[in-house]
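User: Hey, got a minute to go through a model with me? I'd like to talk about folds, packing and a few odd residues.

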Amino acid sequence: MRFTGRFALGVAVIGVPLVLALLGPLFAGDPGPRATSFTLGDGHWLGTDFVGRDVWQQVLHGGRPVVVTALAATALAYAVALPLGLLSALTHRRWLEELLMRPLDVLLAVPSLLLILLVASVFEPGAVGLALLVAAVNIPDAARIVRAAAAEAAARPAVEALRMQGETWWRMAVGYVGRATLRTLAADAGVRLTGVLYLVATAAFLGVGVAPDAADWAVMVDRNRIGLAVQPWAVVVPALLIIALTTGSNLLFDAALDQRGTAASSHRSTDKERRP
Amino acid sequence: MSGLRSFVARRLLLGALQTVAVVLLVFALTEALPGDAAVALAGDQPDPARIEAIREAMDLDRPAHERLADWAAGLLHGDFGTSLASGRPVGRYISDGLGPTLLLAALTVVLLVPIGFGLGVLAARHAGRLIDRLVSSVTLAVYAIPEFALGVLLVTVLALQLGWLPPTAVGYGTDLLAHPAVLVLPVLVLLSRPVCSLARLVRAGMVDALAAPYTVHARRYGVAGIRVRYAHALPGALAPAAQQLARTIDWLLCGVIVVEALYVIPGLGTVLLNAVAERDVPVVQGLAVVFGVLTVVLNLGADLVAHRFAPRAGVAA
C-alpha cells in the first residue's frame, strides 16, 4: 500500500516537468517581439529574461533538450555497454574478458564532469556531442553491471542444459542470458537515467554543449542569474522544474524497484548508492 | 595473509595504471584536435602571430612522443608548463586556487561524516517508523538534485528574500575563513548530495547488521543496546561507507566546480572553468592531472580501508 503511494508521488512529481518538456514546444506559439530585459508583468506572466524574451515561452521550449539529451545518452551508453558486458560474461576466453573489462576499470577513475570539461576545452560539442560524452562517461559502470548480471545468469543450470542440447551461442546469449538479465538492467537504467539527467543539466549549466542563449532550463538558470534580485522567476521556475524532474525520476524508479522486490533489485539498491 | 597482501599489490598496480591512464588521456586531448592544433586553439583570433606563439609555447613542431616525455617528466618535478593566455606558470594557477577549494572540501568532509552517520544511525534505530520514513524519503529526494538548481533556490530564498546570508563571495577576497557567513551556502549545497547517499548507505548497513545473528546473540548475552549498536553493528556498516566517502570525492569535485561558479569563489573550479572558456589547454591539462590523480589516490585509499574492515567483500580489482 505504501509502495503504491510512493509510486504515485513519483509520478506526480515528475509529471509536470515531463509533460512540459515533451508537449511544451507544441503550445509555445510565436515568440513575439522582444521586450526590455528582466521586467515583470506587461503581458508576460513570468516576466522577461536577460535578452527580453518571454520566460514562459522559454520554459515551454527549454525542457525538451534536457530530457531528450538524457534519454539519448542513456540509450547510447547501453548500446555499447550491453554487447561489451554480455560478451565478456559469456566468453570462456579469459584474455578476451580481461581485454574488454580492464580498460573500463582504468577509465572509472576519471571524474565524470572533469572528462566532459576536458573535451569541451578543445572541441565545441553540440547537443549530440554532449549526449555522446555523457554516454561515454556512463559506459564503464554500465558494462560492469551488465557483466555481473549476465555472469550470474550464465552460471545457471538452464544455460548448461541449452549448451548440451547444442543450441547456438546466439540463442543462449540473447535468448536466455539477455532476457534473464532484463530485470536487473531495467532497475539499473532507471538509476542511471537519474544520474544522466543530473550530468546533462549540470554540463548545460556550465555551458557545455549548448548555445549561450539556448532555450534550455539549465541555461536559463545560468544566464538569468544576473537578474535574480530583479526578476527571480526567470531562474526559480526552470530550477524548480529541473529539481522536479531529477527528484521525480529518482522517487519513481526507487518505488518501482521496491515494488518488484526481487533479490536482484535489492542487491542493486545498495549498489547504486556506491556509484559515483 | 598472503591473500590480503596480493589484494593490496593488485590494487596498487591498478592505481598506478589508472594514474598513467589519466596522464595519457589528458595528453591525448591535444593530439585529438583535428588539423593543426595551434590553428584550432587560436579559435576566434586566428592571426598568424598568435598561432605562432601557441605553436612555440606548446612545442607543436616536435614529435608527440617527445612532448609527452617532456611533459610527463615535468609533472614529476611539479612543473605543469605555462599558460597560453597569460604566460604564467600553470603551477602558480594551481597554488592560487588551492586555498579556497581545499577550505570548501575540508569543511564539507568534516561536516559530512558526523551528519551522514548520524542520520543513517538515527534512521536505522527507528527502522520502519515515521522518522525513518521521513529521513529515507528526504535523502532519496535530495540525493538527485543538481547542485546548481538547489544553489540558486537557496540564494533566492536565504540571501535575497530573507537577507540572512551574502548571495556570493564577491568582494570577500580569498581569505574566506575570515567571513564564515560567505561559506554557509556553498558548504550547504556541497553537502546536500553526499550526506544523502552516505546516510542511506549507513542506514542500510546498520539495518542489516542489527538483524544479523551476531548482534542478536550479543543482545541475548545482555550486552547493552548502545554497545551493540556502536561497537558491534556500526563497524559492519563501515566498509561500504568508507568506499562511499571516496566516491564522494568525484561528487565533491563536480560540486566544487559548480558551487564555485555559482557563488563566485576564486578556487580551482573557477580556474578550470575560465581555462576551458579561454581554451587555455596547458592550464586545463595541469588541473585535470591534479584532480584525476587525487581521485585515483583517494579511491585507492578507500578500497584499502574497506578491505581492512571487510576482507571478504570483493572490492574493485
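Analyst: Sure, here is a walk through the two chains, their contact and some local details. Keep in mind that this is a predicted model.

User: Start with chain A. How many helices and strands does it have?

Analyst: Chain A has eleven helices and zero strands. Read along the sequence, that gives the pattern α-α-α-α-α-α-α-α-α-α-α.

User: What are the dimensions of the C-alpha trace?

Analyst: Along its principal axes, the C-alpha trace of chain A spans about 75 × 50 × 30 Å.

User: And what share of chain A is buried?

Analyst: Chain A has 276 residues, and 49% of them count as buried. As for contacts in chain A between residues at least 6 apart in sequence, 73% join residues at least 24 apart.

User: OK, on to the interface. How many residues of each chain take part?

Analyst: On chain B, 52 residues are in contact with 39 residues of chain A. Several helices of chain B give two or more residues to that side, including H1 (2-31), H8 (180-211) and H12 (281-309). H10(B) gives the most, with eleven residues.

User: What's the chemistry on the chain B side?

Analyst: The chain B residues that touch chain A divide into 40 nonpolar, eight polar and four charged.

User: Which residues have the most contacts inside the largest nonpolar core?

Analyst: They are A:Val134, A:Val200, A:Ala204, A:Val221, B:Leu272 and B:Leu287, in a core of 155 residues. Take B:Leu272: leaving out residues up to four places away in sequence, B:Leu272 touches A:Leu117, B:Ile257, B:Val284 and B:Leu287.

User: Nice. Let's do helix packing. How do H2(A) and H3(A) sit against each other?

Analyst: H2(A) and H3(A), the latter covering residues 94-107, pack at an angle of about 150 degrees, with their axes 8 Å apart. That angle makes H2(A) roughly antiparallel to H3(A). The crossing of H2(A) past H3(A) is left-handed.

User: Which side chains are in that contact, by residue?

Analyst: From H2(A) you get A:Leu84, A:Leu87 and A:Ser88, and they meet A:Leu96, A:Glu97, A:Leu100 and A:Met101 in H3(A). That contact divides into five nonpolar residues, one polar and one charged.

User: What about H6(A) and H7(A), at what angle do they cross?

Analyst: Roughly 150 degrees, with the axes of H6(A) (residues 157-164) and H7(A) (residues 169-180) coming within 11 Å. That makes H6(A) roughly antiparallel to H7(A). H6(A) passes H7(A) in a right-handed crossing.

User: And who meets whom there, in H6(A) and H7(A)?

Analyst: A:Ala158, A:Val159, A:Leu162 and A:Arg163 in H6(A) meet A:Met172, A:Tyr176 and A:Val177 in H7(A). By class, that contact has six nonpolar, no polar and one charged residues.

User: How many residues of H6(A) are buried, then?

Analyst: Zero of its eight residues, so H6(A) is hardly covered. H6(A) is followed by A:Gly166, with a positive phi near 80 degrees.

User: Got a pair in chain B too? How do the axes of H6(B) and H8(B) cross?

Analyst: The axes of H6(B) and H8(B) cross at roughly 140 degrees and come within 8 Å. The two helices are therefore oblique to each other. H6(B) passes H8(B) in a left-handed crossing. Among the residues in that contact are B:Val135 and B:Tyr143 in H6(B), along with B:Cys196 and B:Arg200 in H8(B). By class, the contact has five nonpolar, three polar and two charged residues.

User: Switching to loops. Is A:Thr48 buried or exposed?

Analyst: A:Thr48 is buried, because 27 other C-beta atoms lie within 10 Å. A:Thr48 is found in the loop between H1 (2-27) and H2 (55-90) of chain A.

User: What does A:Thr48 touch?

Analyst: Leaving out residues up to four places away in sequence, the contacts of A:Thr48 include A:Ala35, A:Phe38, A:Arg53 and A:Val55. A:Thr48 and A:Phe38 are ten residues apart in sequence, and their C-alpha atoms are 5.0 Å apart in space.

User: Last one: what's the phi of B:Val264?

Analyst: Near 50 degrees, a positive value in a residue other than glycine. Most residues other than glycine have a negative phi. B:Val264 is found in the loop between H10 and H11 of chain B.

User: Where does B:Val264 fall on the burial scale?

Analyst: B:Val264 is partly exposed, with 13 other C-beta atoms within 10 Å.

Definitions and conventions: Residues numbered from 1 in each chain as written. Chains lettered and ligands numbered in written order. Predicted model: local features only at pLDDT ≥ 70, side-chain atom pairs only at ≥ 80, totals over all residues. Helix = DSSP H or I, 4+ residues; strand = E, 2+ residues; numbered from the N terminus. Buried ≥ 20, exposed ≤ 12 C-beta atoms within 10 Å, placed from the backbone. Contact = placed C-beta atoms within 7 Å. Nonpolar A, V, L, I, M, F, W, Y, C, P; charged D, E, K, R; others polar. Axes fitted to C-alpha atoms, helices over the stretch in contact; angles between N-to-C directions. Parallel < 35°, antiparallel > 145°, perpendicular 65-115°, else oblique. Left-handed = near helix turned anticlockwise from the far one by under 90°. Core = buried A, V, L, I, M, F, W, Y, C linked by C-beta atoms within 7 Å.
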